[in-house]
Amino acid sequence: MGQIKLSINGKSYTIDADESMPLLWAVRDFVGLTGSKFGCGIAQCGACTMHMDGEPIRSCSVPLASAKGKKITTIEGIGTEDKLHAVQEAWIEEQVPQCGYCQSGQIMSAVALLKTHASPTDEQIDEAMQGNICRCGTYDRIRKAIKRAAVG
Amino acid sequence: MKRRSFLRNTGLTGAGLFVGFSLTQCKVDEVPGIINLLKTNIDNEAIGLALNNYLNIDPSGLITIMAHKPEMGQGTFHSIPLILAEELDVDPDGISIKIAKGDEERYGPQGVGGSGSVRDMWMPLRNLGASARHMLRQAAANTWGIDIKDTSTDNGFVIGKEGVKLSYGDLVEKAKDIEVPETIELKAISEFKYIGKSKKRTDINSKVNGSANFGIDMRVEGMVYASIVHCPGWKGTVKSIDDADTRKIAGVTDVVKTVRPLFKNTQEAVAVIADTYWAALQGARALKVSWEDNKHAISTEDIFKTMHSKTKEDGMLDKENGQFETAFAKSDTPFEATYETPFLSHSPIEPMGCLADVKGDKAEVWATTQTPGWCKGEMAKMLEIKPENITINIPFLGGAFGRRLIHGPILQACDLSKKIGKPVRVLWTREEDTMNGPFRPGSVNALRGTLSAEGKIDSLEHKVVTPSIGHALFGRDASTKVPGSAMAPLHEYYTIPNYRSKYVFMDVDPMPLLWWRSVYSSTNVFAHESFIDELAVAAKKDPMDFRLDLLEDDERKHKLLKTLRQRSDWDKALPEGWGKGVAISHCFQATAAHVVYISKTGTGVKIEKIHTAVDCGIAVNENNIIAQAEGCIVMGLTAAYKDAMIVKDGVTQNSNFHNYRMLRINEIPELDIFVMKNEESPVGAGEPGLPPVAPALTNAIFNLTGNRIRKLPFELDKVGVIG
């Protein structure tokens with residue numbers, strides 16, 4: 001155990017936890033931000049996707065030791081109370097979520113994609129979004145929403 | 001009981017629908033979503049006065065409708081209140097929808113399964129909305145001293161003569177005591193303002209910013225976490241536990257024997273309790289448990305061998321029309337084929353779990369259940385407490401697909417909370433969920449048939465060899481009595497002169513089985529629609545023509561298929577290297593059909609485009625019906641060419657998404673889904689699209705490559721090569 005300093009959504013937190021604990025559990029159970037989800041624990045489903053220094057990561061498989069000193073962004077940190085992120089708005093317009101459980105991770109992957117590719121091709125969407133499983137099968141709408149957000 | 005009060009409270013007018021509602025017009029005390037004690041000051045009460053058990057109106061004008069069906073992605077959180085709102089004549093976008101607790105005394109059946117929510121609640125909720133609207137109109141008429149006939153309504157207002165109006169909020173105090181007449185006039189379908197449009201689902205806003213509360217997000221003061229190690233092989237017992245390494249992990253407080261009840265069977269398990277989930281999980285990984293008699297030598301390979309040999313058994317007659325035996329014997333060129341479908345896991349993306357707080361003779365759970373009433377009964381039995389002492393909070397379910405119809409993790413959390421005297425959050429790993437089932441039953445289907453000289457089907461026998469879910473769970477007799485559901489939807493298909501269906505039981509105990517999205521239709525339809533295609537080819541008929549001919553007596557299905565034919569350009573010449581296939585099925589009273597286009601790529605095929613037609617009666621929310629069809633296509637394709645569940649020596653070999661693979665975004669073809677327009681009573685859309693997906697695809701593969709796929713799953717990148 002030790003005092004670990006984390007920067008999450010622009011705020012600093014000091015957590016008394018084991019350095020081997022995955023970032024996901026620190027964010028959910030210590031910081032109390034529960035939008036990022038646990039789905040597989042082995043970086044196969046993407047439900048836990050966050051950004052670390054702007055890059056999408058599977059937080060279920062990133063130990064706290066690797067997150068120290070990095071800027072972490074979660075689903076709670078991409079929009080504001082008054083204004084959603086363009087990707088979130090596109091998600092509503094296209095009515096993407098069904099159960100919704102995987103969608104925080106989907107949105108975080110999409111936000112990261114649009115940062116590097118303002119108008120992504122289908123191939124670039126496939127590449128960036130392949131790590132995110134949606135068991136409800138909302139993929140067609142995810143693709144449409146990404147294109148809508150890219151235009152908007 | 002006074003019939004009028006009954007109508008007002010339940011919306012039920014037919015006989016035999018009584019479900020034991022309370023008649024008191026008490027204040028609604030349900031929560032919006034779920035109380036998460038990490039968040040404070042949540043307004044958790046539907047404010048205002050109750051006009052019935054589902055509807056509250058506050059004098060300020062705020063209208064609250066309870067979503068009493070658990071939301072697992074199917075959209076009932078929105079579509080069920082929408083039905084009441086339509087008859088009440090308020091825009092559902094402007095109301096407050098709150099998730100009800102599990103309380104069937106109050107709401108009637110709350111279970112979600114069999115695509116039944118819209119189908120079963122259509123008339124009750126229309127009646128409730130209409131009776132509340134009547135009460136409000138009468139209150140306004142009394143206020144103005146005019147006849148109710150001279151009033152109308154518009155989005156939350158009653159309108160009188162010369163445009164004078166009062167809001168529902170202004171009227172609710174007077175309205176709540178008004179008697180409802182025996183018969184209530186409902187809106188004509190042409191008067192619907194909100195039903196039949198594509199409305200935005202009101203749960204979706206909270207699902208894009210992380211604020212939606214799922215089972216895993218529930219927290220109460222003083223709770224601890226439990227990670228579980230289940231006995232492999234389902235039926236063994238704990239012989240000894242070595243927890244020396246587990247107890248070295250900081251945060252671990254207890255190691256407790258527990259159970260996972262599966263009705264007739266009980267799976268033993270050991271729980272590691274800790275103050276964080278991570279500590280509990282590490283503790284579970286460090287645990288060494290010896291199990292007694294946990295090898296039951298169940299293997300899926302042996303099961304399929306046995307099921308194939310059982311196709312030779314006579315089996316039990318399920319249904320017969322005409323004279324199959326005589327007609328079949330007449331032909332010199334009979335056709336026979338056998339089809340195989342695998343055991344599958346539901347694998348909803350939210351892993352199994354539950355938060356339970358058992359204190360003395362009271363229990364409260366935050367449970368992702370599809371069956372709140374049944375769950376309450378099981379909890380009462382296990383904990384030996386009164387059902388009225390049990391509170392069931394139902395957060396959003398992170399997917400279900402049938403997996404949350406039974407209550408293993410919920411009862412397990414109750415058992416643990418009772419044993420350690422604290423609120424316990426149970427959370428299974430993905431591996432514990434994948435490996436321990438329950439599974440969709442695998443099947444072997446044997447079909448035989450003959451053609452007449454004109455190339456029409458003269459005889460057809462469909463024999464289903466599969467385990468029975470009712471037997472696996474409850475020990476129901478399936479060896480001398482055909483389990484009806486195992487034959488779905490074979491009785492709702494084509495008109496064939498000499499037809500019979502048969503069932504042969506397969507015992508797979510102790511492997512647990514469960515209803516999986518579209519249940520036995522997901523396996524039977526693959527066989528049936530493949531064999532129909534084989535007969536069409538043998539008869540040298542176009543498979544679309546062949547099916548339309550068989551559906552001549554069934555106007556709705558015929559129309560659906562004809563529409564699909566046009567919409568999919570079925571009769572246009574195919575591009576070079578393309579193939580096409582069609583399949584249709586009827587499931588839970590709705591019909592769906594797909595046309596699949598594929599192209600050749602290397603040794604395999606690529607799915608280019610899928611056209612889909614769905615008929616589920618009046619489209620309560622068309623966009624949501626399309627979404628459900630998309631989901632059915634993705635799940636149907638996954639079942640067709642991803643992974644089977646493999647069990648060897650009683651131990652499941654698949655464990656996580658690397659070896660129980662899901663379809664991903666790069667594999668999704670272009671989709672064109674349309675919903676048939678009619679004025680038939682609405683039925684559910686969550687499942688009917690799934691069964692015809694696999695046969696439409698494999699029929700296309702045959703069309704392109706001549707390779708007839710009779711066993712699922714198969715490898716899409718290898719089917720281009722025959723043999």
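Analyst: Helices are DSSP runs of H or I with at least four residues, and strands are DSSP runs of E with at least two, both numbered from the N terminus. One more thing up front: this is a predicted model.

User: Okay, what makes the place of P510(B) a loop?

Analyst: P510(B) falls between β23 (498-505) and α14 (521-538) of chain B. A loop is what's left between such DSSP runs, so residue 510 gets that label.

User: And what kind of peptide bond runs from D509(B) to P510(B), cis or trans?

Analyst: Cis, with omega near 5 degrees. There's another cis bond joining L712(B) and P713(B), where omega is about -10 degrees. P713(B) sits in the segment after α18 (693-705) of chain B.

User: Staying with prolines, why is P124(B) called buried?

Analyst: Buried takes 20 or more other C-beta atoms within 10 Å. P124(B) has 21, so it passes. It lies in helix α4 (residues 117-144) of chain B. Its C-alpha atom is 8.7 Å from that of L84(B), though the two are 40 residues apart along the chain.

User: What about E162(B): buried or exposed, and how do you know?

Analyst: Exposed means 12 or fewer C-beta neighbours. E162(B) has 5 inside 10 Å, so exposed is the right word. This residue is in the loop between β6 (157-159) and β7 (165-167) of chain B, and it has a positive phi of about 55 degrees although it isn't a glycine.

User: And what makes K540(B) exposed?

Analyst: Counting again: K540(B) has 9 other C-beta atoms within 10 Å, and the limit for exposed is 12 or fewer. K540(B) is in the loop between α14 and α15 of chain B. Its phi is near 55 degrees, a positive value in a residue other than glycine.

User: How do you know the length of helix α16 of chain B fits what's expected?

Analyst: The expected span is 1.5 Å times one less than the number of residues. α16(B) (residues 555-567) has 13 residues and reaches 18 Å from its first C-alpha to its last, close to the 18 Å expected. Just after the helix, D569(B) takes a positive phi of about 55 degrees.

User: Which residues of α16(B) are buried, and why do you put them on the same side?

Analyst: They are K557(B), L560(B), L561(B), L564(B) and R565(B). Their directions from the axis cover an arc of only 140 degrees, which is why they end up on the same side of α16(B). The face turned away from that buried side carries the exposed residues E555(B) and Q566(B). As for what covers the buried ones, the list includes α15 (543-550), β24 (578-587), β25 (590-601) and β26 (604-615) of chain B.

User: Let's do the largest nonpolar core. Which of its residues touch the most other members?

Analyst: Out of 268 residues, A226(B), V272(B), A280(B), V365(B), A413(B), C414(B) and V614(B) do. The largest share of this core, twelve residues, comes from helix α17 (residues 622-641) of chain B.

User: What makes these residues count as a core?

Analyst: Core members have to be buried, of types such as Ala, Val and Cys, and joined through C-beta atoms within 7 Å. Take V272(B): leaving aside neighbours within four places in sequence, its contacts include A226(B), V252(B), A280(B) and L287(B). In soluble globular proteins, nonpolar side chains tend to be buried together.

User: How many residues does each chain put into the contact between chain B and chain A?

Analyst: Chain B gives 47 and chain A gives 48. On chain B's side, the elements giving two or more residues are α7 (277-286) and α17, and the largest share, seven residues, comes from α17(B). That side divides into 24 nonpolar, 15 polar and eight charged residues.

User: And where do the bounds of the domains of chain B fall?

Analyst: Domain 1 is 3-207, domain 2 is 220-295 + 360-420, and domain 3 is 300-341 + 440-705. The C-alpha centres of domain 2 and domain 3 of chain B are separated by 37 Å. Their contact takes 15 residues from domain 2 and 13 residues from domain 3.

Terms used:
Residues numbered from 1 in each chain as written. Chains lettered and ligands numbered in written order. Predicted model: local features only at pLDDT ≥ 70, side-chain atom pairs only at ≥ 80, totals over all residues. Contact = placed C-beta atoms within 7 Å. Nonpolar A, V, L, I, M, F, W, Y, C, P; charged D, E, K, R; others polar. Arc of directions from axis to C-beta. Domains from an automatic or database assignment.
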